[in-house]
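Reader: Please take me closely through one part of this model. Keep it brisk, and explain the terms as you go.

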Amino acid sequence: MSAENLVSIREYTDEDFVSLTNLVAEFFTFHRRLNERGPLPPEEAATMIPQDMLQESSHILIAEEKQEKKVVGFCRIELHEGAYFLRELGVTENWRIRGVGTALLRAAEDYIKNAGKSNLYLSVVPRNIDAVRFFVRRGYDIINTLELRAETPKEKIQRKPLHFLGLQFRY
Ligand SMILES: CC(C)(COP(=O)(O)OP(=O)(O)OC[C@H]1O[C@@H](n2cnc3c(N)ncnc32)[C@H](O)[C@@H]1OP(=O)(O)O)[C@@H](O)C(=O)NCCC(=O)NCCS
């Protein structure tokens with residue numbers, strides 16, 4: 001069954017706050033685990049949403065499954081210096097690989113097209129190889145910016161080497 005029959009994509013409303021909190025906690029817990037860190041507690045997600053995600057420059061889309069009207073995914077588009085960025089895209093674990101992520105990504109693309117733009121920029125953690133593959137297969141194969149950082153003194157995580165542009169990186 002295609003995603004259109006299973007879910008509808010709509011705008012976020014205040015009534016989605018609790019569902020969004022759980023999805024945001026799951027999304028950041030997923031990313032923290034990639035860096036061998038503990039989960040993001042839902043109460044921290046609940047603080048993060050009004051502080052960092054419900055800005056005027058942000059637009060949140062919700063994927064709602066049609067039968068029980070349960071919220072199963074979200075994405076956030078942010079307008080920054082005249083360009084649109086896909087800041088988060090998350091589907092709850094037991095709803096993945098059914099087309100919901102693709103439906104959200106396509107809805108984000110429609111949103112920016114309606115706003116008169118054609119470029120949607122996104123960042124993805126290289127350790128998140130499933131997501132890298134997901135985006136590349138959907139046309140996002142131009143490396144636009146490299147986001148780099150220095151190691152912090154407390155980091156113990158084993159990183160893999162990556163040779164690129166004649167330089168050695170770690171990820
Ligand atoms: C990335 C993510 C949004 C994709 O959502 P989804 O609903 O599973 O996406 P779809 O069902 O539309 O497509 C999934 C594709 O990935 C493939 N896939 C295989 N293993 C997978 C896995 N472990 N996880 C995700 N996708 C996987 C599917 O087969 C499918 O392949 P396709 O390119 O041939 O269609 C979802 O996995 C997720 O929420 N991951 C955690 C958060 C994250 O990584 N977000 C993206 C970075 S911002």
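Author: Just after helix α2, Glu 36 takes a positive phi of about 55°. The model is predicted, so local features need pLDDT of at least 70 and side-chain atom pairs 80 or more, while totals for chains, interfaces and linings use all residues. Residues are numbered from 1 along each chain as its sequence is written.

Now step back into α2 itself. It runs over residues 17-34. (Helices are DSSP runs of H or I, at least four residues; strands are runs of E, at least two; both are numbered from the N terminus.) At 1.5 Å a residue, its 18 residues should span 26 Å (1.5 Å times one less than the residue count). The end C-alpha atoms are 26 Å apart, so the two agree.

Which residues of α2 are buried? They are Leu 20, Leu 23, Val 24, Ala 25 and Phe 27. (Buried: 20 or more other C-beta atoms within 10 Å of its own.) These buried residues pack against α3 (42-53), β3 (71-80) and β4 (83-91). (Contact: C-beta atoms within 7 Å.)

α2 also reaches the ligand. Along with β4, α4 (100-114) and α5 (129-136), α2 supplies at least two residues of the shell around the ligand. β4 gives the most, with four residues.

α4 makes a useful partner to read beside α2. Its 15 residues should span 21 Å, and its end C-alpha atoms are 21 Å apart, which agrees. Buried residues of α4 include Val 100, Leu 104 and Ile 112. Gly 116 follows α4, with a positive phi near 85°. After α2, Glu 36 has a positive phi too.

Technical notes. Buried ≥ 20, exposed ≤ 12 C-beta atoms within 10 Å, placed from the backbone. Contact = placed C-beta atoms within 7 Å.
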